[in-house]
Amino acid sequence: MSSDRPTDPLSAGPGRTEGPAPESERRLFHLKTLFEAATELSDLTDTGSTLRRFLPVVMGPLGLTFGLGIVVGPDRVEVESLGLMPDDRKRCELAGVGLADRFFQDEPQTAPPPRPTMLTGPHLASDPSLPAGTSAVVAMRLDCDSRGLLILGPRLTKTPYSQDEIELIQGLTDILSTALKRACADERVQTLNASLSENNACLTQALGRMEQARDELDRQAFRLRTLYETSLELSSLNDPKAILDAFLLTLMGTFGFSRGWIGLHGPRAGQVDTAYRGPDPDEAEAVASDKGREKILARFVELKDRMPRANQTELLDDRKAVAALPARADTAVLFSLDQEWHGAIGLAEPLPDQGLHPQGVQFLRSLLGIFIVTLGNAWHGRQVRELNTALTVRNAELQATLDALTRAREEVTVQTEARERIVGLVRGEVARAWRASWLDAWVMILAGVVLGVLFNSASPGGIELVPKSLFAPPPALVAAHEARRMAEAGQAVLIDARPADFHRQEAIPGSVNLPKDLFDFVYSMKLASLDPETPLLVYGRTISRHYDADVARELELLGHQSVMVLKGGLQAWKRAGYEVTR
Amino acid sequence: MIGLLRRILTHPWLALAFRLYIGGLFVYAAMYKINYAAEFSETIASYRLAPYWAVNALAVFMPWIEIVCGALLILGVRVRSAAAVIAAMLAVFTVAIFINLLRGAPISCGCFKTIEDPISWWTVLRDLGWITMTLHVYRYDAVLQADRLFLGKLGRIGS
């Protein structure tokens, strides 16, 4: 940038006066120049303006032909000149950074900014990197990143700088350096302010977005809490009717509806569960009626491909379809538990600023998801309970049947065992019939004994089973030798009581055979005339019959007073060695 | 020849003839003794083998046992048991006769009637013959048995 500002009148002093000026005036002039420079640069806030204002201030008092100021920053090169030819100016603009590096390359970057460094001398006028005729160069470090370079052209007087003038230049460059530092600071502050404003704007936007995000987050938290509480509440219920009531209340409270209903219909008329909240009881009856069932099922048919399958829901977006439902609804949802159980949800009369907004549809779908899952679980639970009840009844019947079968089996077992025993007995009896058995033998003997006893007791020819002689008093006995003595002395009569055959076979000589079965006949023939006092010696006893005792008893009954039985019978007689007849 | 003879001797019909004969014999023999128990008692006593307190009882019971067993043989009921009982009684009778033959006792058999010829070895042989017939019945009798007629059907129960 260049400045063609006219020279300040105050600067037209010693440079234009001819002859030596008094020292005081010259000092005053320098002070005024410094004052003017400080005044000019005091209110400037940018480096370009500062340079443009400064160049006339420094050129006028010193009578310079041109002046050039360069400020090099990290991202800029600012060049201001006055009195310089355009080509030189352009060349200096292009070489601005190089010039700055030439004068500042050895300075450490972290060193504090020193006072301006001024170079003067005739060698500057011929320096190819500087404009031709350069009389002085002042280098200034403005801050850590920016550097300033002031190039002064030749004086009109072609005279070198005096010490006072050098001090004046030094003072002016101090003011310039300070102004440039301030300008740099101001520009930096402005840049920072702009950046800060921009950041503030961004921050404001971020705050706005954060507010929106927080609101959205609050809504999401509310929805999640609502979902959580709804899930808890519904999952704690196991009765479908209670779930319908609780979910309807949740929907109305969440979305701000003052009226709502839910109808769930089964495959047959009359299989229905409903929930209703509102002022009109007729609407509840309409939802539960068969006509309401038909209307709800008709909406399913209308949906065709969108018809909800098992455990699915569908939000009705057709106003006509919503209006055709059995009860009033502004928002309606169809749902299916399975292939046979279908239902509808209707919400009506939203409260002011409430209702189902587009952003709430997804939330409604989430609630419906929870509802359909919990309702399905409760529904299946009820079916399981009903099945369990039926199964319990069936089990009881089955148990009764099993008990009956068990009893029948036990009876069959008993009957089988009885049959086996009967068959065994029959077979045993049959087998026993083919072989001889002790039982049969004893039965035959017992039958003979019984028949014999009965016949003998009834028959006139019956006999005594036990002979009377067994119980009769023992007869008087006589020994064999006494009997022989009495018989030989003729004092007694020997009587043989045995049967005639035995008597004929063997007998005591002189004995009279008097068997009991011929007693009367033989007695009348042979013994009737006998003296009753005559001793009678009777013998004839066997193991099977006491003939002697029987006959002796008969004789006693006939009046014989001395009837005796031969002790030992015929055997004793024979053992005694007495004679017998054969 | 031996086989034929064996078949004849072991034929059931021969056993049936023996069975009817022995059964009828015992029924016949018992009929008289039942009506004349006292005489039969004397017959038993004449053998001098039974104790005197049992003679009357035997005279009452034995004919009826003979009748029962004889009737069962004729009817074919419990043939083997009846044959065994009859064989046992015949054995007892034979032994009794044998003993009294050894004793030389002048007694009659008393098998059918009270007054008969005295016992002899022929009597023993006759009784042995009857015992043989009875054993034949026991071993080979198989036809015309009332047991088979009625119990044969019962034997098929459970089969």
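1. Lys158(A) is found in the loop between strand 5 and helix 5 of chain A. The model is a predicted one. Phi of Lys158(A) is near 60°, a positive value although the residue is not glycine. Most residues other than glycine have a negative phi. Lys158(A) has a relative accessibility of 65%, so with the cut-off for exposed set at over 50% it counts as exposed.

2. A second residue to look at is Asn311(A), in the loop between helix 8 (290-303) and strand 8 (312-316) of chain A. Asn311(A) has a positive phi of about 60° and is not a glycine. Is Asn311(A) exposed or only partly exposed? With a relative accessible area of 39%, Asn311(A) is partly exposed.

3. Strand 5, which precedes the loop of Lys158(A), belongs to an open sheet of five strands in chain A, ordered 2-1-5-4-3 with antiparallel pairing. Strand 2 (76-82) and strand 3 (117-120) of chain A each have a single partner strand, so they stand at the edges and one side of each is left without a neighbour in the sheet. From one strand to the next, the twist averages 10°.

4. Within this sheet, strand 1 (residues 67-73) and strand 5 (residues 147-152) of chain A run antiparallel and are joined by six bridges. Which residue of strand 5 is the bridge partner of Leu68(A)? The partner is Ile151(A). In general, strands of a sheet pair through backbone hydrogen bonds.

5. Two helices of chain A lie across strands of the sheet. Helix 3 (residues 86-94) lies across strand 1 and strand 2, and runs at about 155° to strand 2. Helix 5 (residues 163-235) lies across strand 1, strand 2, strand 3, strand 4 (136-141) and strand 5. The angle between helix 5 and strand 4 is about 35°.

6. Chain A also meets chain B, in a contact that takes 41 residues from chain A and 46 residues from chain B. The two chains bury about 3,700 Å² between them, and 68% of this area is on carbon and sulfur atoms.

7. Two salt bridges are found across the interface of chain A and chain B. In a salt bridge between the chains, the side chains of Glu42(B) and Arg545(A) meet at 2.8 Å, N to O. Polar contacts between chain A and chain B number eleven residue pairs. On the side of chain A that touches chain B, helix 10 (361-434), helix 11 (438-458) and helix 13 (500-505) each supply at least two residues. Helix 11 gives the most to that side, with twelve residues.

Conventions. Residues are numbered from 1 along each chain as its sequence is written. Chains are lettered from A and ligands numbered from 1 in the order in which they are written. This is a predicted model: local features need pLDDT of at least 70, side-chain atom pairs count only at pLDDT 80 or more; totals for chains, interfaces and linings use all residues. Side-chain values use heavy atoms; hydrogens and water are left out. Two strands pair if DSSP finds at least two bridges between them. Helices (H or I, at least four residues) and strands (E, at least two) are DSSP runs, numbered from the N terminus. Axes are lines fitted to C-alpha atoms, for helices over the stretch in contact, and angles run from 0 to 180 degrees between N-to-C directions. Contact means heavy atoms within 4.5 Å. Buried means under 20% relative accessible area, exposed over 50%, partly exposed in between (1.4 Å probe, protein chains only). Buried area is the accessible area (1.4 Å probe) that two parts lose on being put together, summed over both. A salt bridge is a side-chain nitrogen of Lys or Arg within 4 Å of a carboxyl oxygen of Asp or Glu. A polar contact is a pair of N or O atoms within 3.5 Å; within protein, one must be able to donate a hydrogen and the other to accept it, and residues adjacent in sequence count only if both atoms are side-chain atoms.
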